[in-house]
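Here are a few exercises to work through with the model open beside you. Try each task before reading its solution.

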Amino acid sequence: MKYTRLTKEQLEELHPEFINFLASQSIDKNEWDTIKSQKPEVAEQEIDVFSDLIWEGVLGNAKYLEHYSKNYIFLFHCTEVHMMTIIIRSLVADVDLLKKEGLQWLSDNLFTDNVEIQRGQKVFADDRNSEIFNLIQQGAIFTQGELFEQMNGILEQ
């Protein structure tokens with residue numbers, strides 16, 4: 001597998017798509033039931049292939065990601081060629097950006113010496129989708145990019 005197998009819950013959500021995937025391989029419900037009971041390793045391979053197809057589609061459409069930790073917020077904007085980043089770091093150790101109070105503190109202190117903001121950009125060195133997937137594995141989440149665009153607009157002024 002290139003990525004990870006979808007969870008049971010994700011597969012249940014994608015049940016219609018999975019049925020279409022099996023149908024594209026001329027596997028109907030009866031045959032799928034037979035495969036699951038008599039050749040579970042083949043069933044798992046089919047699920048793995050389907051999972052990779054879903055991940056490819058999702059990652060291929062990914063444009064923005066965010067990753068939060070106690071003292072950092074990482075904002076990512078992914079194009080086809082490169083990834084732009086905005087890194088926001090609290091220099092005050094007891095501020096927790098994972099909590100509502102920490103985000104309020106950040107809003108009040110964004111342009112003080114207590115907050116460090118860095119911008120960067122890198123060309124995707126390897127496979128774009130794999131690099132984005134690695135960020136997801138580290139805890140990044142897909143977003144619509146409002147925070148990235150807001151911060152980018154502020155920083156460009």
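## Exercise 1: Charges

Task: How many positive and negative side chains does the chain have, and how far apart do the centres of the two sets lie?

Solution: In this predicted model, the count gives 14 positive and 27 negative side chains. Next, take the centre of each set: the two centres lie 2 Å apart.

## Exercise 2: Elements and overall form

Task: List the elements of the chain from the N terminus on, then decide whether the chain is spread out or compact in terms of the globule rule.

Solution: Start with the totals, which are 7 helices and 5 strands. Read from the N terminus, their order is α-α-α-α-β-β-β-α-β-α-β-α. Now compare the radius of gyration, 21 Å, with the 15 Å that the globule rule gives for 157 residues; the value is well over the rule, so the chain is more spread out than a compact globule. The principal axes add the dimensions: the C-alpha trace spans about 65 × 30 × 20 Å along them.

## Exercise 3: Surface and contacts

Task: What share of the residues is buried, and what share of the contacts with a separation of 6 or more comes from residues 24 or more positions apart?

Solution: Begin with burial: of the 157 residues, 37% are buried. Then turn to the outside, where the chain exposes about 9,800 Å², with carbon and sulfur atoms supplying 51% of that area. Finally, look at the contacts with a separation of 6 or more: residues 24 or more positions apart account for 66% of them.

## Exercise 4: Asp48

Task: Is Asp48 buried or exposed, and which side chain does its own side chain join in a polar contact?

Solution: First find Asp48 in helix α4, which covers residues 40-61. Its relative accessible area is 17%; buried means under 20%, so Asp48 is buried. Setting aside residues up to four places away in sequence, Asp48 touches Met1 and Arg5. With Arg5 there is also a side-chain polar contact of 2.7 Å.

## Exercise 5: Phe133

Task: Where is Phe133 placed, and which residues beyond four places in sequence is Phe133 in contact with?

Solution: Look in helix α6, residues 128-137, for Phe133. With a relative accessible area of 6%, Phe133 is buried. Leaving out neighbours within four places in sequence, its contacts are Tyr3, Thr4, Trp55 and Leu59. As a last step, check the C-alpha atoms of Phe133 and Lys2: these residues are 131 apart along the chain, and the atoms are separated by 9.8 Å.

Note on methods. Residues are numbered from 1 along each chain as its sequence is written. This is a predicted model: local features need pLDDT of at least 70, side-chain atom pairs count only at pLDDT 80 or more; totals for chains, interfaces and linings use all residues. Side-chain values use heavy atoms; hydrogens and water are left out. Helices (H or I, at least four residues) and strands (E, at least two) are DSSP runs, numbered from the N terminus. The radius of gyration is taken over C-alpha atoms; the globule rule is 2.2 Å times the number of residues to the power 0.38. Buried means under 20% relative accessible area, exposed over 50%, partly exposed in between (1.4 Å probe, protein chains only). Contact means heavy atoms within 4.5 Å. Accessible areas come from the Shrake-Rupley method with a 1.4 Å probe; for residues, only the protein chains shown count as cover. Lys and Arg count as positive and Asp and Glu as negative; His and the chain ends are not counted. The place of a charge is taken as NZ of Lys, CZ of Arg, CG of Asp or CD of Glu. A polar contact is a pair of N or O atoms within 3.5 Å; within protein, one must be able to donate a hydrogen and the other to accept it, and residues adjacent in sequence count only if both atoms are side-chain atoms.
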